[in-house]
Amino acid sequence: MKLIVPLQSVVQGRNGFLLGSLIPCALFYFLQLYLKRRRSNSSNSSNNNNNPSSPSSSSPTPVLPRSSSRSNLSSRGSISRVRVSKLASILSKPDDSLYYIGLDRVLQDPYHVFVNPNGIIQLGLSDNKLCLDLIEKWLVKNLEGSVMGNGDMNLSINGIVPYQPFDGLNELKIALADFMHQVMGGSVEFDPSNMVLTSGATPAIEILSFCLADQGNAFLVPTPFYPGFDRDVRWRPGIDLIPVHCRSTDNFNLNITALEQAFSQARKRGVKVRGILISNPSNPVGNILTPDMLFSLLDFAEDKNIHIIADEVFAGSTYGSEEFVSIAEVLDSEYIDKSRVHIIYGLSKDLSIAGFRVGLIYSHNKTVLDAAKKMSRFATISAPTQRLVTSMLSDKRFIQEYIETNRNRIRRVHDEFVDCLTKLGIKCAKSSAGMFCWADMSGLIKPYSEKGELELWEKFMSVAKINITPGSACHCIEPGWFRICFTTISFEEIPLVIERIRKVVETCKSSS
Amino acid sequence: MGIEIEQNHPSVELSSIATSETHGENSPYFAGWKAYDEDPYHEITNPSGVIQMGLAENQVSFDLLEKYLEENSKASTWGKGGTSFRENALFQDYHGLKSFRKAMASFMEKIRGNKAKFDYERIVLTAGATAANELLTFILANPGDALLVPTPYYPGFDRDLRWRTGVNIVPIHCDSSNNFQITVEALETAYKNAESMNMKVKAVLITNPSNPLGISIQRSVLEDILDFVTRKNIHLVSDEIYSGSVFSSHEFISVAEILESRQYKDAERVHIVYSLSKDLGLPGFRVGTIYSYNDKVVTTARRMSSFTLISSQTQHLLASMLSDESFTDNYIKINRERLRKRYEMIIEGLKSAGIECLKGNAGLFCWMNMSPMLENDTREGELKLWNEILNEVKLNISPGCSCHCSEP
């Protein structure tokens, strides 16, 4: 741009201004713009190729290490600018949800009692490690027979190797129906023919979303909610999630008035609400919906002619005095249009086998089942795993022992943990199930805002070295709440975690 | 339950995806399967049932697999020590087990006679190639865009590439005049075709070796296709799930080899799909992969693979199996031999019955020319013949129209 000025002095006179200054100026301007753009394009691409090593703190996406094919790519001058889809462009950006960022930070510096005692303790993933010893024992005793089959079970290679029905083996559906019946209190029967099995509850939610709503439609979701829903429902199905805010004054319980308001506001904006997505027991709060509330929900859905998706993956992880009631049970006793209610379930939480990828959709709606069955082709459970899990679930004595022991251990850890937190001055929301407590740290944040919450989260991460999930990642409307999972540590490790939390609590108190 | 009251519920609506026919499963390809399901052939109990010849499943080398699994069932345990089991049971990281990815990479290299290298960090795992193809489509194209696919093609593509993605397939017409090879003219025509329908073309998707033709694509044609996609600045997806089922190992050329010979110039537009369902005969295990030379695609595909993860147990088991060099070398060799023998047997048999086939060199099927037997040289004529074969001869085979072949 500095070149423009001298030109004016070169050509004189009125016309000269135009010929001598304006036009050349304009030409120069555009030339420089063009050069700048070319330079920034090639420098951007070469930057991408030359910075493959450790990810910076603001971009937690792990960058691929150099390999022979990559080094060849960067050495070429021609950088292909072939485009990816809009969806891919969005997905490829570094994650901005603290839920996922937190998980990444733990991966970079994971706590290990011997190898890395100063690492970050994972309290942000609702995995259940409390009863892995039981599973391990069972597997060691039964694995060889359960996959290949021993004489009396007749599970030859032909049973697991060729193409199997994509929506799951019938034996597994029957075993799962039985397990669900047991784990949900024994008062409702599940029909295996109403099931479609999927590789985990995650694809089950996505598939249901594809079946129940079109791109641009929306589901109502009570907050705070599981951060994964944003991915499962929004990404590929393109369905929006409209938050229905719940408050601490209600212990974050759902209320129908809030639902009504959210629904009519959406309608005013021209957004078509196709369903309500709830998790029951709820993640991250851990409360259970009462039968009354379930009835109210059904009435609401009936009135608006929309669907209900009930994610019941934590049904077996109850520890409180309240009994879990599945929405299926309420359907049984009330004459209501069953075709609008769909349940998601899986074995990752209640049976601790998240790695095996076992999930399901349960619905009375034949059209949904039909469509979901076709879609399960994209998310089928591996056949040998289906056989293994069927064996495990059919071992009645083991399952009985597991369910009881699991509940007891969760209760023990939960009660101790909440007790210790209370002693630190941190209250938790009243919860009866799940693998986490929903802790009120609003007294420790300054300012009382999402920014304050973020700063506290960072303190926990870098000072206390624990990963907990901030309420903002769960779309909680009140700042300062955090989800702390307690099933990823042992009972003996609780004092260590509490000690680390205490450090931060004291830092906050002293600075206020 | 109390008094039953007749109520008129306004039935709750479903999505257009759920109620559409875009999954393509009403084609004769799938109808044939239904017929088989209802009346399956069995040597002893149902000798007059329908023989399934419409499903590309490899059962010729079951015995080898059976022997391995029986001798190595310990491979599916997790060895001693609590840590390794715990990690395995909870392990649901979308990166996938490292040992498994390494084993897959080296297996893929082996199948290509070590003529191409594969970096295990570029492997994204999916539950089957079906999911891999759909995932790639979500990543490379927007709803309404087009993928160019040579005809005849695998009927499942109608569902995998179009159904939930909203992307269109525009056919690249190939015909018997040159043994159904893909030509540059056909590519250009397809491209213009898409443009005239106001669709943006985002990629070309080829199956190499081809299903249903059963031939591997020649080097010169692959070069032409690569040049074409580079010219148009679009992607190339090469579905190579039958690469291990080529009867003679030196006849198959993967796009990976060509990229290597070009020092990976413009490789960022190329993605390979692979699976163990055909080459290793393990479709029940649901193991597929995407191999991409494009970092953004790898990262994005990984994240999206959360919806289609492979069980950690399976990954562990297969990591052992695929790293067992003596097993894999032996399997690949014997499998090829047996496929070749069977192919020759069937071709001979068909020839003596007066039916010519396309000269193939791969796959689990042959592409028969039954046009001389058609009453009418039309789609209806073809379907009529197909119906007779299904209902009277009791053979489920797939008619060309279900593969979108332009010649009846």
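**A walk through a two-chain model**

Arg159(B) lies in helix 7 of chain B. The model that contains this residue is a predicted one, and the values given below are computed from its atoms. Is Arg159(B) buried or exposed? Its relative accessibility is 1%, so Arg159(B) counts as buried, the cut-off for that class being under 20%. The surroundings of Arg159(B) come from both chains. Leaving out residues up to four places away in sequence, Arg159(B) touches Arg377(A) and Phe378(A) of chain A, and also Thr22(B), His23(B), Glu25(B), Phe30(B), Thr130(B) and Tyr154(B) of chain B. In addition, the side chain of Arg159(B) makes a polar contact with the side chain of Asp160(B), at 2.8 Å.

Asp158(B) is likewise part of helix 7 of chain B. Its relative accessibility is 8%, and Asp158(B) therefore counts as buried because the limit is under 20%. Which side chain does the side chain of Asp158(B) meet in a polar contact? The partner is Tyr153(B), at 2.8 Å. When neighbours within four places in sequence are set aside, the residues in contact with Asp158(B) are Thr22(B), Tyr153(B), Trp163(B), Ile169(B) and His404(B). Thr22(B) thus appears in the list for Asp158(B) and also in the list for Arg159(B).

The contacts of Arg159(B) with Arg377(A) and Phe378(A) lead to the interface between the chains. There, 97 residues of chain B are in contact with 93 residues of chain A. Together the two chains bury about 8,400 Å² between them, and 60% of this area is on carbon and sulfur atoms. How many salt bridges are counted between chain B and chain A? The count is two. One salt bridge joins Arg274(A) to Glu13(B), with the closest N and O atoms 3.8 Å apart. Polar contacts between chain B and chain A are counted as well: there are 21 such residue pairs, both residues being at pLDDT 80 or more.

Several helices of chain B each supply at least two residues of the side that touches chain A, among them helix 1 (16-19), helix 3 (62-71), helix 7 (157-162) and helix 13 (312-323). The largest share of this side, nine residues, comes from helix 12 of chain B. Sorted by class, the side of chain B that touches chain A has 41 nonpolar, 32 polar and 24 charged residues.

Attention now turns to chain A as a whole. Chain A has 18 helices and 13 strands. Of its 512 residues, 57% count as buried. The contacts within chain A can also be sorted by separation in sequence: among those between residues at least 6 apart, 74% join residues at least 24 apart. The area that chain A exposes is about 21,600 Å², of which carbon and sulfur atoms supply 53%.

Leu347(A) offers a single example from chain A. This residue is found in helix 13 of chain A, which covers residues 347-350. Why does Leu347(A) count as buried? Its relative accessible area is 0%, and Leu347(A) is therefore buried under a limit of 20%. Residues up to four places away in sequence being left out, Leu347(A) touches Leu176(A), Phe179(A), Ser352(A), Ile353(A), Val358(A), Val389(A) and Leu393(A). A separation in sequence can also be set beside one in space: Leu347(A) and Gly228(A) are 119 residues apart in sequence, and their C-alpha atoms are 17 Å apart.

Conventions. Residues numbered from 1 in each chain as written. Chains lettered and ligands numbered in written order. Predicted model: local features only at pLDDT ≥ 70, side-chain atom pairs only at ≥ 80, totals over all residues. Heavy atoms only, no water. Helix = DSSP H or I, 4+ residues; strand = E, 2+ residues; numbered from the N terminus. Buried < 20%, exposed > 50% of the residue type's maximum accessible area, 1.4 Å probe, protein only. Contact = heavy atoms within 4.5 Å. Buried area = accessible area lost by both parts, 1.4 Å probe. Salt bridge = Lys/Arg side-chain N within 4 Å of Asp/Glu carboxyl O. Polar contact = N/O pair within 3.5 Å; in protein donor to acceptor, adjacent residues only side chain to side chain. Nonpolar A, V, L, I, M, F, W, Y, C, P; charged D, E, K, R; others polar. Areas by Shrake-Rupley, 256 points an atom, 1.4 Å probe, with all protein chains shown as cover.
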